[in-house]
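Let us take a walk through a protein together, beginning on the inside and working outward. Have the sequence and the 3D view ready as you read.

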Amino acid sequence: MLTIGRKDGKIEKLSLAKITQKTKGFPTHTVIGGEFAVALDGEDVALKTLLGSCVALMFYDRKRKIKAMNHFLLPETSDNSNDMKYGLYSVEAMLNEMYKQGCSKSDIVAKISGGADIMNLNLKNSIGARNVEFAKEFCQKEGFRIISEHVRGEHGRLILLADNFETFIKVTQKSETDSKILSNEKSLQIEISKSPVIKEYAGAVELFGTNKKIEETMEIELF
């Protein structure tokens with residue numbers, strides 16, 4: 001049974017029988033923007049996500065053999081929103097689900113990936129930079145050792161997290177793939193619709209309204 005944190009804050013259990021996708025031979029669940037997933041190694045399911053400026057924090061309890069991955073858009077919000085799109089709420093909700101399954105803080109290690117500047121704006125305080133900074137600071141403050149990180153740059157990443165905390169990363173090289181990632185992230189940003197996020201995206205590409213259709217998935221097959 002897979003534990004999933006949805007964008008609206010709901011926690012759901014997903015039967016592994018419903019997982020039909022395979023990536024590199026692994027039965028795979030895709031973690032879309034604003035969600036997280038927690039899985040036991042023995043259940044033989046890998047977690048996958050596609051990142052641009054967003055960041056995925058991945059945790060692993062080495063004794064319980066439980067792995068988790070989130071995909072957040074922004075570090076935190078000032079309006080007390082309980083929303084998985086924000087790193088602080090997402091990571092705390094994800095850790096709570098791990099603790100419910102018997103995980104211990106002292107046995108958990110972390111990996112971080114994402115935070116690219118796909119639009120190559122060279123902003124000192126870009127969304128990607130802020131997301132990476134938040135992830136590192138959170139781990140440091142909470143005492144989680146970061147054993148690996150693959151962050152920043154100018155291209156998107158496809159991350160696959162398998163058993164034993166084995167991680168595969170595919171850096172996108174095609175401009176059309178980066179464009180699709182950017183399009184998906186802009187759609188997710190519409191759900192937030194707050195500056196300075198809008199300004200950063202609008203400044204390089206286009207102004208976008210709040211009536212556009214919101215994409216529900218971030219599915220791109222690269223492996």
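This is a predicted model, and a good place to start is its largest nonpolar core, which has 24 residues. Within that core, Phe-59, Val-91, Leu-95, Met-98 and Phe-144 touch the most other members. Which elements give two or more residues to this core? They are strand 5 (36–40), strand 7 (55–61), strand 8, helix 1 (87–100), strand 9 (108–114) and helix 2 (127–142). Apart from this core lies another one, of 23 residues, and Ala-37, Val-45, Leu-47 and Leu-161 are among them.

Now zoom in on Met-98. Leaving aside residues up to four places away in sequence, Met-98 touches Val-38, Phe-59, Tyr-60, Asp-61, Ile-66, Ala-68, Cys-103 and Ile-108. Let us follow one of these partners, Ile-66. From C-alpha to C-alpha, Ile-66 and Met-98 are 7.5 Å apart in space, while 32 residues separate them in sequence.

Ile-66 has its place in strand 8, which covers residues 66–70. Is Ile-66 buried or exposed? Its relative accessibility is 3%, and buried means under 20%, so Ile-66 counts as buried. Its contacts, again not counting residues up to four places away in sequence, include Val-38, Ala-39 and Leu-40, as well as Phe-59, Tyr-60 and Asp-61. Gln-101 and Cys-103 are also among the residues that Ile-66 touches.

Next, look at the cysteines. Cys-54 is buried, because its relative accessible area is 1%. Cys-139 counts as buried too, with a relative accessibility of 1%. How many disulfides does the model have? The count comes to 0.

Let us move on to a sheet. Five strands form an open sheet with mixed pairing, in the order 3-4-6-11-12. Its edge strands are strand 3 (22–23) and strand 12 (167–171), each of which pairs on one side only. Strand 3 runs antiparallel to strand 4 (residues 26–30), and 2 bridges join them. Here you can find Thr-23 standing opposite Phe-26 in strand 4.

Finally, how confident is the predictor? The mean pLDDT of the protein chain is 83, and 79% of its residues reach 70 or more. Among the elements of the chain, strand 8, the home of Ile-66, has the highest mean pLDDT, at 98. Helix 4 (residues 197–204) has the lowest, at 41. Over residues 194–219 pLDDT stays under 50, and for this stretch the model has 61 contacts beyond four places in sequence.

Conventions:
Residues numbered from 1 in each chain as written. Predicted model: local features only at pLDDT ≥ 70, side-chain atom pairs only at ≥ 80, totals over all residues. Heavy atoms only, no water. Helix = DSSP H or I, 4+ residues; strand = E, 2+ residues; numbered from the N terminus. Buried < 20%, exposed > 50% of the residue type's maximum accessible area, 1.4 Å probe, protein only. Contact = heavy atoms within 4.5 Å. pLDDT = per-residue confidence, 0-100. Disulfide = S-S within 2.5 Å. Pairing = 2+ DSSP bridges. Core = buried A, V, L, I, M, F, W, Y, C linked by side-chain atoms within 4.5 Å.
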